[in-house]
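Me: I am new to this structure and would like to learn how to read it feature by feature. Where do we begin?

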Amino acid sequence: MRKTNDLILQTVTKVISFIIILFSIHLFFAGHYTPGGGFIGGLMTAAALVLLLLAYDIKTLDNILPFDYKLMTAAGLLIAVLTAAGSLLFNVPFFTHAYDYFDLPLLGETSLHTAVLFDIGVYMVVIGITMTIIQTIGESE
Amino acid sequence: MINLPLLPILIPLLAGVILMFFPKRIKAQRTISIISTVATIAAAVVLIAEIRQNGIQTLNLGSWPAPFGIPLVSDMLSALLVLTTGIVTLAVIWYSIYYLEDEYERYFYYIAVQFLMVGLNGAFTTGDIFNMFVFFEVFLISSYLLIVLGGKKAQLRESVKYVLINVISSALFVSAVAYLYGVVGTLNMADISVKIAELNDPGIITVIAIFFLLVFGLKGAIFPLYFWLPGSYHAPPIPVLALFGALLTKVGVYAIMRTYTLFFYHDTGYTHMILGVLALLSIVIGSIGALAYRDVKMIIIYNIIIAVGVILYGVAVMTPDGLEGAVFYLLHDMIIKTALFLLVGIMMAIAGSSHLKSMGGMIKDYPLIGWTYFVATLSLAGIPPLSGFIGKLLIVRGGFGAGEMIGPLIILGSSLIVLYSAMKIFTNGFWGTPKEYTGAKAHLASRLWIPAAVLMVIAISYGVGAEAVRPFITQAVEPLIDPAIYIEAVLKE
């Protein structure tokens with residue numbers, strides 16, 4: 001096979017993938033008040049990783065991000081289930097969320113809501129599933 | 001503990017998630033899935049005791065009041081189905097430990113079974129029609145994995161058909177829910193029932209009722225929509241087949257039972273007549289299939305279709321007797337079908353083939369298995385002291401009580417065919433001269449027999465102790481006869 005030179009693609013990817021990941025994290029945290037949330041945030045993070053896969057290859061991505069994406073899916077599910085099940089400890093119906101306002105050092109008065117924990121679970125599951133699908137198809141001969 | 005109705009869903013969900021962390025460690029997989037299933041059964045028993053004492057249990061998820069949030073509604077019917085699901089799953093997991101190769105168990109088998117249980121228990125317990133759709137997808141996606149796991153040629157071919165037909169029926173389910181939402185503007189099942197009663201416009205509701213019959217008929221394999229079932233169920237290995245045969249079609253039957261008694265009870269002349277006719281045709285078509293084949297799997301698979309027809313006929317006549325018989329028969333059929341599939345699986349493990357021509361004279365070497373199968377056959381056909389009798393008796397009485405002649409007679413006639421088809425396996429497989437057996441797993445036969453025998457013990461005590469079970473069934477039927485009980489429990493007006 002002829003060796004191709006991907007210099008432009010790889011250099012651009014280094015910059016772009018960071019911007020995409022930042023944007024996806026912004027989308028993730030914006031979900032409560034504006035459009036966005038765990039699903040679209042996770043999908044966009046996965047898209048950044050796929051861009052890395054396109055510019056480099058599966059082994060390189062495995063070196064820089066040594067995640068087992070199946071475990072990531074499981075961990076995300078566990079976080080989501082435990083967040084919802086946490087309400088069992090207080091003897092209120094499953095999925096009852098709690099929130100309050102806190103004064104954080106840098107951010108000032110911020111409302112923290114347990115729904116974010118659930119969303120983190122969704123975020124991880126979406127990344128885990130997308131990457132598992134793409135890696136599995138990519139690796140099979 | 002107000003979260004009691006949730007536990008049968010939460011326990012297998014948590015177990016399934018935890019199992020995902022170490023899919024290759026078979027011993028841990030087996031142990032945890034057995035523990036979780038036993039815990040689910042225990043939770044279901046506690047739930048039944050609670051319902052027996054205090055009536056229908058509801059739980060508004062997220063503390064949102066009834067028509068706005070998603071309620072979980074455990075009436076006696078759904079709690080009994082959850083319990084039966086747990087028992088069946090436990091027996092199948094127990095059987096799988098001996099039956100399946102390690103290779104198989106290493107690839108997410110137990111995880112899929114746990115998620116299957118999550119979906120089934122959820123579909124039985126939910127009080128929201130769209131949530132029911134979501135739980136349908138949960139168990140369907142697990143079943144897609146289970147049907148294709150192993151990757152044999154037949155499995156790949158049949159899984160394509162199975163997935164295709166279920167994707168289509170799920171799309172129809174969503175459209176049916178969309179139509180219903182467009183008409184009544186709510187998704188809460190109790191609230192839907194209230195709104196339909198206020199609507200006073202039978203035309204469009206009848207159309208939606210038939211739409212739902214189409215959807216759940218595809219899942220539950222009634223007459224013109226059963227065509228995918230024999231092929232798809234023939235492909236996967238026996239434990240998976242037992243799960244599918246006992247549970248998956250029954251959740252379609254449960255959904256028809258629920259919607260046709262809670263939503264669509266206003267214009268019964270049309271909808272329930274169609275349901276009755278289709279149920280009878282399912283019985284006929286199932287009987288033809290059960291007579292035609294000499295493949296042990298196929299004979300039992302066609303018996304599933306017969307049972308679905310019998311139960312739905314009980315629903316269609318809408319008399320207290322008919323509904324009570326349908327519930328009796330539903331629970332009996334889940335247990336006995338699992339037992340039959342497990343026993344037939346042992347015969348296949350011994351003979352190394354599923355065709356009757358390669359079997360014969362097994363009673364000499366395996367008398368216990370033979371007689372267990374014999375009792376299971378009698379129970380399936382409905383011989384008096386055993387479990388199939390009381391349900392069918394009530395359904396037939398309900399049919400005659402509603403002034404019908406043909407329906408009950410077809411059901412009585414089908415019993416003979418069921419008995420003949422299942423006894424065909426007994427006479428050809430267990431009697432006669434012994435043959436050369438090529439099965440690689442013949443040495444496992446006695447260990448495989450134990451879970452099947454446990455199921456048979458449960459089935460026999462269910463039949464013999466019908467008097468003790470009866471109050472529970474009567475309580476399960478109450479909200480089916482009078483939807484007001486269900487609505488009041490959910491909306492608490």
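**Reading the model, one feature at a time**

Reply: We begin with one residue, Ile336(B), which sits in helix H14 of chain B. Bear in mind throughout that this is a predicted model.

Me: How much confidence does the predictor give to chain B and to the complex?

Reply: As a general point, where pLDDT is low, the predicted coordinates should not be read in detail. In this case, chain B has an average pLDDT of 91, and 100% of its residues score at least 70. For the complex, the predictor reports an ipTM of 0.91 and a pTM of 0.94.

Me: Back to the residue we began with. Is Ile336(B) buried or exposed?

Reply: The cut-off for buried is under 20% relative accessible area. Ile336(B) has 0% relative accessibility, so it counts as buried.

Me: Which residues is Ile336(B) in contact with, leaving aside its neighbours in sequence?

Reply: Once neighbours within four places in sequence are set aside, the contacts of Ile336(B) are Ala376(B), Ser379(B), Leu380(B), Met456(B) and Ala459(B). Distance in sequence and distance in space are separate readings. Ile336(B) and Val454(B) are 118 residues apart in sequence, and their C-alpha atoms are 11 Å apart in space.

Me: Can we take a second residue in the same way? Where does Thr85(B) lie, and what does it touch?

Reply: Thr85(B) belongs to helix H3 of chain B, residues 76-99. Because its relative accessibility is 0%, Thr85(B) counts as buried. Not counting residues up to four places away in sequence, Thr85(B) touches Met117(B), Leu120(B), Asn121(B), Phe124(B), Leu247(B) and Met334(B).

Me: Now a whole helix. Which residues of helix H21 of chain B are buried?

Reply: The general idea is that an α-helix has 3.6 residues a turn, so residues three or four places apart point the same way. In helix H21 of chain B, residues 483-491, the buried residues are Pro483(B), Tyr486(B), Ile487(B), Ala489(B), Val490(B) and Leu491(B).

Me: What do the buried residues of H21(B) pack against?

Reply: They pack against two strands of chain B, S1 (57-60) and S2 (71-74), and against helices H8 (189-199), H11 (238-262) and H20 (466-481) of that chain.

Me: Which residues have the most contacts inside the largest nonpolar core?

Reply: That core has 196 residues, and those with the most contacts inside it are Tyr109(B), Phe173(B), Phe212(B), Tyr233(B) and Tyr373(B). H14(B) gives the most to this core, 22 residues. A second, separate core has twelve residues, including Phe28(A), Ala46(A), Leu49(A) and Met131(A).

Me: What is Tyr373(B) in contact with?

Reply: Leaving aside neighbours within four places in sequence, Tyr373(B) is in contact with Ile300(B), Leu340(B), Leu343(B), Val344(B), Ala422(B), Ile425(B), Phe426(B) and Phe430(B).

Me: Next, empty space. What volume does the largest pocket have, and which residues are closest to its centre?

Reply: Rolling a probe the size of a water molecule over the atoms shows where empty space is left. Here the largest pocket has a volume of about 1,800 Å³. Its lining has 46 residues, and the closest to the centre are Leu77(A), Val125(A), Ile129(A), Met20(B) and Phe115(B). By class, the lining of the largest pocket has 36 nonpolar, six polar and four charged residues. H5(A) supplies the largest share of this lining, ten residues.

Me: How does one read the second largest pocket?

Reply: In the same steps. The second largest pocket holds about 480 Å³ of space. Of the 24 residues that line it, Lys152(B), Ala235(B), Pro236(B), Pro237(B) and Lys297(B) lie nearest its centre. This lining divides into eleven nonpolar, seven polar and six charged residues. H7(B) gives the largest share, four residues.

Me: One last feature, the backbone. Where does Phe95(A) lie, and what is its phi?

Reply: Most residues other than glycine have a negative phi, and most peptide bonds are trans. Phe95(A) has a positive phi, near 75 degrees, and lies in the loop between H4 and strand S1 (99-104) of chain A. With a relative accessible area of 28%, Phe95(A) is partly exposed. Phe108(B) also has a positive phi, near 70 degrees, and is found in the loop between helix H4 (102-106) and H5 of chain B. Lys492(B), just after H21(B), takes a positive phi of about 50 degrees.

Conventions:
Residues are numbered from 1 along each chain as its sequence is written. Chains are lettered from A and ligands numbered from 1 in the order in which they are written. This is a predicted model: local features need pLDDT of at least 70, side-chain atom pairs count only at pLDDT 80 or more; totals for chains, interfaces and linings use all residues. Side-chain values use heavy atoms; hydrogens and water are left out. On a 1 Å grid over the protein atoms alone, a cavity is a set of points where a 1.4 Å probe fits but cannot get out, and a pocket is an open set with protein on both sides within 12 Å along at least five of seven lines; lining residues have an atom within 4 Å of a point. Grid points are joined across faces, edges and corners, and a volume is the space filled by probe spheres set on the points. Ala, Val, Leu, Ile, Met, Phe, Trp, Tyr, Cys and Pro count as nonpolar, Asp, Glu, Lys and Arg as charged, and the others, Gly among them, as polar. A nonpolar core is a set of buried Ala, Val, Leu, Ile, Met, Phe, Trp, Tyr and Cys residues joined through side-chain atoms within 4.5 Å. Buried means under 20% relative accessible area, exposed over 50%, partly exposed in between (1.4 Å probe, protein chains only). Contact means heavy atoms within 4.5 Å. pLDDT is the predictor's confidence in each residue, from 0 to 100.
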